[in-house]
Amino acid sequence: MTTTMDSKQSSWKGSLLLLLVLNLLLCKNVAASPACAGGAANCRLSLQDLFTRAVALSDNIYKVAEDTFRDFQKTYANGREFISRAINSCHTSSIPTPADKVQALNTESGTLLNTVRGLLRSWEDPLQHLTTTVRDMKEFPADMIRRVQEIEYKTYQLREGMEKIIKQVEPGVINDDIFAAWSGLSSLQKGDKNSHLVGFYNLFHCLRRDTNKVDNYLKILKCKVVHEGSC
C-alpha cells in the first residue's frame, strides 16, 4: 500500500515538475518572441518590433524584385532595344520623394511614412494584374511567376504593417492623397509579343526602383523614430 502511494506521489511530482518546466519554456518563448501569441486581437506589437518586421520585409521584397528584373533582362531583353522603347518614367513618378539619404533624413517622419504608404498603395493594382498576367503566360518560367506572387503577397503584408506603424507614430495624419494610378494594363495585354515584353520590362524596372526607395526610406525611418535619429 505504501509502495503504491509512494509511486503515485512520485508520478504526481514528476508531472508537476514537467508542467513547471513547460510553463517556464512557454514564458521564455513568449518573452523572446516579438509576435503576438495566438494572434490575440488586443495584442499590440512595440514600435521597434513593427519597424524590424517592416524593414525585413522591404529588404526581402527589394532583393526579389531586383533578381526578377535581372533575370527578365537576361531571358527576354537580350538583343532587343527595350531601354529605348520603354517608358522613361514610372507611374509613381508623380509622388514627391527625397532624392537622397540627406533629404530623407531631413524629411518629417510623418511625411516620409505617408510617402512609403503611398508608394505601396500605388503598386497594389499593377501587382495584382502582373501576377495574373504572368501566371497565364506559358513562356514565363515558373520561378519568375513564383517571385512575382511572392512580391505581391509580401507587399500586401508590408502595407498592413505600415498602417500599424503610422497609427503609433503619427495617429490621425494618414494622407490618402499620396497615390499614383497605374494605366499600363493594356501594355501587358494588347499588341504583339514585343509590345508585351516592353510593358513587362518597364513594370519590372519601376518595381525594382520603387521597392529600393521603400526599403531605404524604412531603414531611415527606423533610425529616426526607434533610435531617435542616431543614424
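Okay, aromatic pairs. Searching the whole structure, which is a predicted model, turns up seven of them. Let me walk you through two.

Start with phenylalanine 69 and tyrosine 201. Their rings sit 5.4 Å apart, centre to centre, with 55° between the planes, and that makes the pair tilted. Now, phenylalanine 69 is in helix α2, while tyrosine 201 is in helix α9, which covers residues 193–225, so this pair ties together parts of the chain that are 132 residues apart in sequence. Are these two residues buried or exposed? Phenylalanine 69 has a relative accessibility of 3%, so we call it buried. Tyrosine 201 comes in at 6%, so it is buried as well.

Next pair: phenylalanine 140 with phenylalanine 200. This one is edge-to-face, with the centres 4.9 Å apart and 65° between the planes. Here, too, distant parts of the chain get linked: phenylalanine 140 is in the loop between α6 (124–136) and α7, phenylalanine 200 is in helix α9, and they are 60 residues apart. Both phenylalanine 140 and phenylalanine 200 are buried. And they have company, if you look around them: Phe72, Tyr76, Phe140, Phe200 and Phe204 make up one aromatic cluster.

Let me zoom out for a second, for anyone seeing this for the first time. What is the chain built from, in helices and strands? It has nine helices and zero strands. So if you read along the sequence, the pattern is simply α-α-α-α-α-α-α-α-α. Of the 231 residues in the chain, 39% are buried. The chain exposes about 13,600 Å², and 53% of that comes from carbon and sulfur atoms. One more overall number: take the contacts between residues at least 6 apart in sequence, and 82% of them join residues at least 24 apart.

Okay, on to charges. How many salt bridges are there? The count is 13. My pick to look at first is aspartate 71 with arginine 147, where the side chains meet at 2.4 Å, N to O. That salt bridge links distant parts of the chain, with aspartate 71 in helix α2 (residues 47–77) and arginine 147 in helix α7 (residues 142–169), 76 residues apart. And arginine 147, charged or not, is on the inside by our cut-off: its relative accessibility is 14%, and buried means under 20%, so it counts as buried.

Next door in sequence, arginine 146 has a relative accessibility of 41%, so that one counts as partly exposed. Arginine 146 makes a salt bridge with glutamate 150, and the closest N and O atoms are 3.2 Å apart. Both of these residues are in helix α7, four residues apart, about one turn of the helix. Glutamate 150 then has a salt bridge with lysine 154 too, at 2.8 Å, N to O. Why about one helical turn between those two? Because glutamate 150 and lysine 154 are four residues apart in helix α7.

Put it together and you get a network of salt bridges linking Asp67, Arg70, Asp71, Asp143, Arg146, Arg147, Glu150 and Lys154.

Last stop, alanine 56, which is in helix α2. Its relative accessible area is 49%, so alanine 56 is partly exposed. Which residue should you look at with it? Leucine 218: the two are 162 residues apart in sequence, but 9.8 Å apart in space, C-alpha to C-alpha.

Note on methods: Residues numbered from 1 in each chain as written. Predicted model: local features only at pLDDT ≥ 70, side-chain atom pairs only at ≥ 80, totals over all residues. Heavy atoms only, no water. Salt bridge = Lys/Arg side-chain N within 4 Å of Asp/Glu carboxyl O. Buried < 20%, exposed > 50% of the residue type's maximum accessible area, 1.4 Å probe, protein only. Contact = heavy atoms within 4.5 Å. Areas by Shrake-Rupley, 256 points an atom, 1.4 Å probe, with all protein chains shown as cover. Phe/Tyr/Trp six-rings, centres within 6.5 Å; stacked < 30°, edge-to-face > 60°.
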